[in-house]
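Open the model in your viewer and keep the selection panel at hand. The stops below say what to select next and what is there.

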Amino acid sequence: MTGNDNRLINGALKLHIAVCVVFIFAPILGSFVFSLNSDRFPSLPLGHFSTEWYRLIWEDPFVWAGFLNTVLVGLIVAVIATVLGFGGAYTDFRYNFFGKNVYLALALLPPTIPVVIMGLAMLAFLSRVNLSGSAISIIIAHGVMCSPFAMAIIRLRLSQMDPDLEAASWNLGGNEWATLRHVIIPFTKPAIFAALFITMAVSFDEFAVAWFVSGLNETLPVKILGFLQGQVSPRINAIGSLAFLSSITLIILAQMLLRNSTKEKS
Amino acid sequence: MTRPSLFSLTLALPLLIWQLAFFAVPLLFLIAISFWTVRNFQMMPDLNFGNWERILTRGTFWDAYARSAILATASTVLTSVIAFPAAYAISFKLSERVKQWVIFVLIIPFFTSYLVRIYALQVFLSDGGIINAALGMLGIGPFGMLNTTFGTLVGMVTLCLPLVILLQVFSLNFVNRDLVEAAHNLRCGRLRTVFSVIVPSARVGLVIAALFAFILSFGDFVSPLYLGGGNPPTLSILITDITKSGQQWPRAAVVALMMIGTLLTVAFAAITYAYKERGK
């Protein structure tokens with residue numbers, strides 16, 4: 001921007017960004033601080049430092065069970081969503097066919113449907129086919145909700161690929177399968193891993209649909225919902241902080257993979 | 001057209017089958033069960049308009065409907081208005097490096113548990129909570145913020161703000177910088193440049209961002225329940241109540257379908273508005 005720079009206005013605008021960031025992050029940082037605080041109802045001035053809430057969740061077998069369910073569901077969902085998303089992304093990249101818009105809409109729309117409605121629809125349908133109340137029902141529902149993310153990430157990577165690369169492989173006698181294996185999968189590998197991590201992170205935090213469709217097989221976020229409905233308990237903060245740390249680790253791994261892959265390209 | 005090869009089908013079909021079976025069919029099934037009846041806690045296939053009649057003639061439903069629509073609209077307007085100056089500054093006033101960082105920071109909230117954030121907000125907003133204690137030190141307050149409409153809106157804005165800022169930044173990045181320069185050279189004032197050059201050329205993205213805020217707020221049941229008190233209910237609370245408290249899923253389906261209808265109408269109107277007289 002040239003000329004039209006007023007220091008006061010620019011300062012005010014930057015301050016506004018900072019205020020927005022503070023507003024967005026206050027609850028996130030707050031839950032960290034509260035999780036290490038001795039007070040049950042934290043207020044100013046804060047109580048003293050304590051790891052009591054972490055000890056409580058450490059000793060709670062239900063939290064452990066929920067944690068194991070969450071990880072198990074997350075791992076399986078990540079693999080399913082990434083495989084489905086890869087197929088969808090490649091289809092969109094390579095083929096034009098009648099009804100492609102419908103195909104894409106079906107593939108990408110799930111995240112725009114409100115979770116309560118998805119939850120109800122899934123519950124009604126899955127209980128009709130006798131699949132509700134099990135970990136499988138959560139995996140199915142999360143597969144629907146996560147595959148669009150995987151597809152978008154892999155599609156983005158494919159658009160960075162030189163289209164001649166595929167043609168070269170065919171000219172060299174590689175059939176479609178060989179090309180897929182030796183050219184396309186190696187090229188999209190960073191995006192495939194990024195998709196695995198990000199879909200796992202999405203599944204980790206999703207609670208509403210899991211809450212609807214799960215019976216007793218509760219994942220950790222569903223457990224948090226239970227805590228929220230019951231008594232006030234700062235254990236939520238401890239669980240939330242741990243869940244946040246694991247999600248953010250996954251995101252940073254994904255981000256590093258994508259960073260490196262764009263560097264390789266340029 | 002040639003016959004699709006085994007290769008292409010192997011790649012394309014799994015996703016199609018999965019989304020048809022577990023996304024499209026459940027949503028269509030919702031339409032079907034809205035006509036079913038419940039006898040002895042069992043759903044029976046039927047073609048009965050009783051559920052529709054029962055829900056649509058109830059004052060409670062329409063109250064909840066109006067409340068949800070007003071809350072979602074208010075949250076959309078608030079979020080868009082708060083987000084725009086930030087998005088404008090990010091897109092126009094920051095260096096490329098800082099911009100990348102701010103965008104990364106704004107992505108982080110998507111991977112935090114919304115429930116945990118809402119719980120933390122309860123601690124901030126409650127009568128003896130962080131904000132009131134801080135205000136108390138200044139000799140003001142306390143203000144009742146938890147279990148009010150204000151509380152609900154704070155939660156909804158927390159939910160929508162990062163996404164709306166990102167979508168706005170994305171559309172502002174596509175605004176032709178030469179146009180802005182030209183307006184400036186023609187002595188067009190700063191605010192006028194924003195409102196008659198930048199906003200119109202980024203209109204599609206800005207409207208889509210607002211649409212997402214509306215969809216998220218309209219469907220959210222966590223903020224109205226845990227920050228707004230949950231009583232009187234919104235449509236999404238109505239759905240969770242009906243579903244979790246008994247076997248009246250057909251009635252919940254009616255509420256859900258009314259919500260989908262509303263969202264489709266709003267989405268259609270927004271997209272038509274976004275693209276109309278675009279060439280002008």
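For helix packing, axes are lines fitted to C-alpha atoms, for helices over the stretch in contact, and angles run from 0 to 180 degrees between N-to-C directions. Helices (H or I, at least four residues) and strands (E, at least two) are DSSP runs, numbered from the N terminus.

This is a predicted model, in which local features need pLDDT of at least 70 and side-chain atom pairs count only at pLDDT 80 or more, while totals for chains, interfaces and linings use all residues. Residues are numbered from 1 along each chain as its sequence is written, and chains are lettered from A and ligands numbered from 1 in the order in which they are written.

**Stop 1: H10 and H13 of chain B**

Select H10(B) and H13(B), whose axes lie 9 Å apart at an angle of about 170°. H10(B) is therefore roughly antiparallel to H13(B) (angles under 35 degrees count as roughly parallel, over 145 as roughly antiparallel, 65 to 115 as roughly perpendicular and the rest as oblique). On the H10(B) side, show Arg203(B), Val204(B), Val207(B), Ile208(B), Leu211(B), Phe214(B), Ile215(B) and Phe218(B). They meet Met259(B), Leu263(B), Val266(B), Ala267(B), Ala270(B), Tyr273(B), Ala274(B) and Tyr275(B) of H13(B). Two residues are in contact if their C-beta atoms, placed from the backbone, lie within 7 Å. Colored by type, the residues of this contact divide into 15 nonpolar, no polar and 1 charged. Here Ala, Val, Leu, Ile, Met, Phe, Trp, Tyr, Cys and Pro count as nonpolar, Asp, Glu, Lys and Arg as charged, and the others, Gly among them, as polar.

**Stop 2: chain B as a whole**

Widen the selection to chain B, which has 13 helices and 2 strands. Its C-alpha atoms fill a box of roughly 75 × 75 × 35 Å along the principal axes. Buried residues account for 42% of its 280 residues (buried means 20 or more other C-beta atoms within 10 Å of the residue's own, exposed 12 or fewer, and partly exposed in between, with C-beta atoms placed from the backbone).

Now color chain B by pLDDT, the predictor's confidence in each residue, from 0 to 100. The average is 89, and 98% of the residues score at least 70. Among the elements of this chain, strand E2 (residues 42-44) has the lowest mean, 78, and helix H3 (residues 59-93) the highest, 95. For the model, ipTM is 0.86 and pTM is 0.88.

**Stop 3: Cys188 of chain B**

Go to the loop between helix H8 (177-185) and helix H9 (190-201) of chain B, where Cys188(B) lies. Is Cys188(B) buried or partly exposed? Cys188(B) is partly exposed, because 16 other C-beta atoms lie within 10 Å. Leaving out residues up to four places away in sequence, Cys188(B) touches Ala183(B) and Thr193(B). A distance from Cys188(B) to Glu53(B), 135 residues apart along the chain, comes to 57 Å between C-alpha atoms.

**Stop 4: where the chains touch**

Show both chains. The contact takes 68 residues from chain B and 65 residues from chain A. On the chain B side, H1(B) gives the most, with 19 residues. That side divides into 53 nonpolar, 12 polar and 3 charged residues.

For one helix pair across the chains, pick helix H1 (residues 7-35) of chain A and helix H5 (residues 114-125) of chain B, with axes 8 Å apart and an angle of about 80°. H1(A) and H5(B) are therefore roughly perpendicular. The residues making this contact include Pro27(A), Ile28(A) and Phe34(A) of H1(A), and Arg117(B), Tyr119(B) and Phe124(B) of H5(B). The contact divides into 10 nonpolar, 2 polar and 1 charged.

**Stop 5: chain A and its H5**

Chain A has 11 helices and 0 strands, and 45% of its 266 residues are buried. Its C-alpha trace spans about 70 × 65 × 30 Å along the principal axes.

Select helix H5 (residues 115-128) of chain A, where 12 of the 14 residues are buried. Among these buried residues are Val115(A), Met118(A), Met122(A) and Phe125(A). The buried residues of H5(A) pack against elements of both chains, including helix H6 (135-158) of chain A and helix H1 (6-33) of chain B. Just after H5(A), Asn130(A) takes a positive phi of about 60°.

Finish at Leu75(A) in helix H3 (residues 61-94) of chain A. Leu75(A) is partly exposed, because 14 other C-beta atoms lie within 10 Å.
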